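Work through the exercises below with the structure open beside you. Each task is followed by a solution in steps.

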Amino acid sequence: MKARHFGLLALIVSLALMSGMSSALAEGPESGGVGDPVTAQQQAENIKLVSQIGGALFDVVVQGDYAYIGAGPRLAVLNISDPTHPMLVGQTAVMPGIVQGLYATDTYLYVAADKAGLRAIDVSNPAAPMEVGAYEREFDQTYDVFVVGRYAYVADYYGGLRVIDVYDPAAPVE
């Protein structure tokens with residue numbers, strides 16, 4: 001149960017815009033369709049930035065009222081119950097690698113942490129996310145993670161797809 005990646009958000013926004021454009025194509029210029037450049041501008045004005053936190057981020061996961069973001073070598077937890085005013089509620093200690101990819105389960109967040117491998121973070125208390133386990137052996141650069149059941153599928157640059165058993169998040173094994 002996880003809303004995943006900006007890519008998914010971009011796809012949804014793109015589909016919504018394309019849907020609006022296809023109806024504009026069907027309506028024609030007389031009703032504000034393709035022939036009217038103001039319509040495209042008006043459509044673009046319907047999307048606006050309402051808030052921003054941090055600098056370079058590689059991934060975000062939203063679950064309920066919380067957004068989990070990789071902010072450099074930390075996982076930051078934001079309360080987004082009011083999307084116009086996201087509030088930082090907690091963050092991890094500095095991890096040994098840059099947060100590249102995230103995946104959330106009910107109480108754990110799995111982090112692809114660049115050369116530091118896979119990290120398991122307990123997020124049952126959003127104000128105090130805590131690393132409970134890690135699998136660091138022989139990774140080139142981990143870029144993303146996806147969890148299905150007890151297995152974490154980790155994208156490892158030159159190492160390819162790595163499958164890590166995370167049944168016990170405190171002691172993951174390949």
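The exercises go from the whole chain to single residues, and the model they use is a predicted one.

**Exercise 1. The chain as a whole**

Task: State how many helices and strands the chain has, and in what pattern they follow each other.

Solution:
- Step 1. The chain holds 2 helices and 12 strands.
- Step 2. Along the sequence they come in the pattern β-α-α-β-β-β-β-β-β-β-β-β-β-β.
- Step 3. Of the 174 residues in the chain, 34% are buried.
- Step 4. The accessible surface comes to about 9,800 Å², and carbon and sulfur atoms supply 60% of it.
- Step 5. Among contacts with a separation of 6 or more, 39% are between residues 24 or more positions apart.

**Exercise 2. The nonpolar cores**

Task: Find the residues with the most contacts inside the largest nonpolar core, and the strands that supply at least two residues of this core.

Solution:
- Step 1. The largest nonpolar core has 14 residues. Leu75, Leu102, Leu109, Val111 and Ile121 have the most contacts inside it.
- Step 2. At least two residues each come from strand E4 (74-79), strand E6 (101-104) and strand E7 (108-112).
- Step 3. A separate second core has 13 residues, including Tyr103, Tyr110, Ala112 and Ala120.
- Step 4. Now take Val111 and leave out residues up to four places away in sequence: Val111 touches Met95, Val99, Gly101, Leu102, Gly117, Leu118, Arg119, Ile121 and Val145.
- Step 5. As background, nonpolar side chains tend to be buried together in soluble globular proteins.

**Exercise 3. A nonpolar patch on the surface**

Task: List the residues of the nonpolar surface patch, then decide whether Leu161 and Val163 are exposed or partly exposed.

Solution:
- Step 1. The patch is formed by Phe146, Val148, Tyr151, Tyr153, Leu161 and Val163, which together have about 530 Å² of accessible area.
- Step 2. Strand E10 (142-148), strand E11 (151-156) and strand E12 (160-165) give two or more residues each to the patch.
- Step 3. Leu161 is in strand E12. Its relative accessibility is 60%, so Leu161 counts as exposed, the cut-off being over 50%.
- Step 4. Val163 also belongs to strand E12. Val163 has a relative accessibility of 33% and therefore counts as partly exposed.
- Step 5. Beyond four places in sequence, Val163 touches Tyr151, Ala152, Tyr153, Val173 and Glu174.
- Step 6. From Val163 to Val145 the C-alpha distance is 9.7 Å, with their positions 18 residues apart in sequence.

**Exercise 4. Asp156**

Task: Decide whether Asp156 is buried or exposed, and name the residue whose backbone nitrogen lies 2.9 Å from its side chain.

Solution:
- Step 1. Asp156 sits in strand E11.
- Step 2. Asp156 is buried because its relative accessible area is 2%, and buried means under 20%.
- Step 3. The residue asked for is Asp140: its backbone nitrogen is 2.9 Å from a polar atom of the Asp156 side chain.
- Step 4. The residues that Asp156 touches, not counting those up to four places away in sequence, are Glu138, Phe139, Asp140, Gln141, Thr142 and Arg162.

**Exercise 5. Gly72**

Task: Locate Gly72 and give its C-alpha distance to Val99.

Solution:
- Step 1. Gly72 is in the loop between strand E3 (66-71) and E4.
- Step 2. With a relative accessible area of 21%, Gly72 is partly exposed.
- Step 3. Gly72 and Val99 are 27 residues apart in sequence, and their C-alpha atoms are 5.9 Å apart in space.

Technical notes:
Residues numbered from 1 in each chain as written. Predicted model: local features only at pLDDT ≥ 70, side-chain atom pairs only at ≥ 80, totals over all residues. Heavy atoms only, no water. Patch = residues over 30% accessible without salt bridge, like charges linked within 9 Å, V, L, I, M, F, W, Y side chains within 5 Å. Areas by Shrake-Rupley, 256 points an atom, 1.4 Å probe, with all protein chains shown as cover. Salt bridge = Lys/Arg side-chain N within 4 Å of Asp/Glu carboxyl O. Helix = DSSP H or I, 4+ residues; strand = E, 2+ residues; numbered from the N terminus. Buried < 20%, exposed > 50% of the residue type's maximum accessible area, 1.4 Å probe, protein only. Core = buried A, V, L, I, M, F, W, Y, C linked by side-chain atoms within 4.5 Å. Contact = heavy atoms within 4.5 Å. Polar contact = N/O pair within 3.5 Å; in protein donor to acceptor, adjacent residues only side chain to side chain.
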